[in-house]
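Got your viewer open? Let's take a walk through the model, one selection at a time.

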Amino acid sequence: METATLDGKAIALGDAYKHAAKILSGAAFPLVAGLGADVAGARAAILLAERLKGAFDHLASRETLADIDVKRSFGMFTTTANEARLRGDCVVLIGPGLTRAWPGMLERLALAEPPRRGAQAQQPRKVIWVGPEGDEANAVPGAKVIPASVQELSGVLAAWRARFGGRPVALGAEKVALIDGLVETLRNARFGVFVWSASTLDPLAIEMMQALVIELNATTRFTGVHIGGRSGASGVTQAAGWMTGFPPRTGFGRGYPEHDPWRFESSRLVDSGEADAALWISAFDGEKPSWSRADIPLITLAPAHTSPSRGLFIKVGQPGVTHDAVLMSQETGGMTLRKASAPTDAPSVAQAIGAIMAEVSEGAWR
Amino acid sequence: MKPFTFTLRQEPPQRVDLSALTPDRLAGKSVAQIEAIELGVTRISTKVGDLFKVSEGDLKTVRFEGGSSRFDLLGAKLLPGFAIHVEGDVGAQCGRLAKGGRITVAGNAGPHAASGNLGAEIEIKGDVGEFLAGPLAGELAGMAGGRVIVRGKAGERAGDRLRRGILVIEGDAGEDLGARLIAGTILVLGEAKGRVGYLNKRGSIVLARGGCFGSTYVDCGAHELTFARLFARSLRDHSAPAADLLSRKLRRYGGDTAVFGKGEILTAD
């Protein structure tokens, strides 16, 4: 396997870095996208975007921004998975595919075991799952399953909140009685936890759920555990936050960071022709860009098996697999070091970008 | 006297920030000074003179002959008593935080048109993008005054967190019309797709066509509302179809009961 290719043909790694720097320096508005990387890779990529006066976006920023939008324009109660496991006496899982978004969820939350701390310690844990997919909920014995499609989730949460406040809903008496029973369970919880993933819950539904959390907190304790996006989204967002003050979809066109979730959305930037060169980073799994234009000069940093036939490709190692990597851990809600499980000598994202950056001189463009 | 005119020479190569081209910010500047104003938002410099031919005139009205979907922040912070007309399209955030005055756009507008509007009258003859009159990322409230008339269609999330003022959409509205309304009024004469009025606190949404609004909107019956007829009279000159809609018998759905239930959706019965 070649370590670098240009339109499918092998080139020397040093030439690849020089060529990448030339493409990015010559562009009017270069884009650093994908950003599927560990914290060191994200730091290097954001620094590069800043030096190039370009923009950066993460491939899962739609999901990340759904949670952030609620956090910054409304408010959000969250806790760590470990706290939920130790104290949560009532756990409400919302939406399908949670175990896909976070494969270790059931093991970490230990839903089948009773909570170990708090007022309800050693009492059976109540688990409610709204709209699981297939037999996903079978893995939690005793879980109460409320069937709902993804489209219905926001309506279900709205009806719960209306009945929690004692306000009317346009539903039959039988359904209202069911909702009232469920709301009573939430009210009687001593440490309740909602678990969701923004991949299936839209920002308005998340806001509805968090508003219910606020109302529940008037008389009891309720909080949430949100499942972060794929390809290191949470860690990259943290790095972007401490470096620029903003999450991904931030641009440096005027020399200072400007955040605009519409303007700096990577697919829109490419498809509208505003971005005229792109660096695509997807070091975890080699996910492909979501834009439709194929004529943009493209540099891809991805694992070996994803070598694209078009544009410049530089093979990089996988964070936590071929390289030691600092990643945001869903399990602990903090940054953790993942030791490499199968080290290789491929460059890491940070090393590859560092090598490209070395070929980009400050202010050299145009 | 003829208006102060910017005639488009060429499509801008990148997005441009036109917030500097409002009457109060142009006042006292010579044509040469105006032509040197930097509009670019990327590392490529784009000056007024590169994009426009500037013809001096009465600054009460600024006219753009030719528009572009890359014209961002047109008429931002416009002051009362002034007017801006665009013979073409505009980009994002047209009329952002305008304090008053009048903006007319002959073509389409991008996302976040009339965002944070405080009192301007904004008319878009074509379609608008998503988040019409909505807040920018992280802001707590949307438009807080003024009147916005869209003759065409509106994108998703029109009227998000509207706080005060009137929105008229004569065409169709995208998903999540009137989400998180705080107060104010939205009228839609076309079809409103998908969820309507989710998390509505105490705003009014008037729809020409009925629909299913979910379990947290409760049917309150059909009414001949006196206020709606008064409101219709005040809207007659700006949007005749909206005035006609308000003059009809309206069925009221109270909601969103998930929030307070003080808001409403009115539909022509």
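Two strands pair if DSSP finds at least two bridges between them, and strands (E, at least two residues) and helices (H or I, at least four) are DSSP runs numbered from the N terminus. This is a predicted model, with local features needing pLDDT of at least 70, side-chain atom pairs counting only at pLDDT 80 or more, and totals for chains, interfaces and linings using all residues. Residues are numbered from 1 along each chain as its sequence is written, while chains are lettered from A and ligands numbered from 1 in the order written.

Start by selecting strands 10 (residues 250-251) and 11 of chain A: they pair antiparallel over 2 bridges. Pick A:Gly251 and look across to its bridge partner, A:Glu258.

Now zoom out to the open sheet in chain A, where 9 strands run in the order 2-1-14-13-12-3-4-10-11 with mixed pairing. Strand 2 (9-10) and strand 11 (258-259) of chain A each have a single partner strand, so one side of each lacks a neighbour in the sheet.

Next, select helices 2 (residues 39-52) and 10 (residues 233-244) of chain A. Their axes (lines fitted to C-alpha atoms over the stretch in contact) are 9 Å apart, at an angle of about 45°. Helix 2 and helix 10 of chain A are therefore oblique to each other (neither under 35 degrees, nor over 145, nor 65 to 115). Show A:Val39, A:Ala42, A:Arg43 and A:Ile46 in helix 2, which meet residues of helix 10 including A:Gly235 and A:Met243 (contact means C-beta atoms, placed from the backbone, within 7 Å).

Last stop: colour the contact between the chains, with 29 residues from chain B and 28 from chain A.

How values were computed:
Contact = placed C-beta atoms within 7 Å. Axes fitted to C-alpha atoms, helices over the stretch in contact; angles between N-to-C directions.
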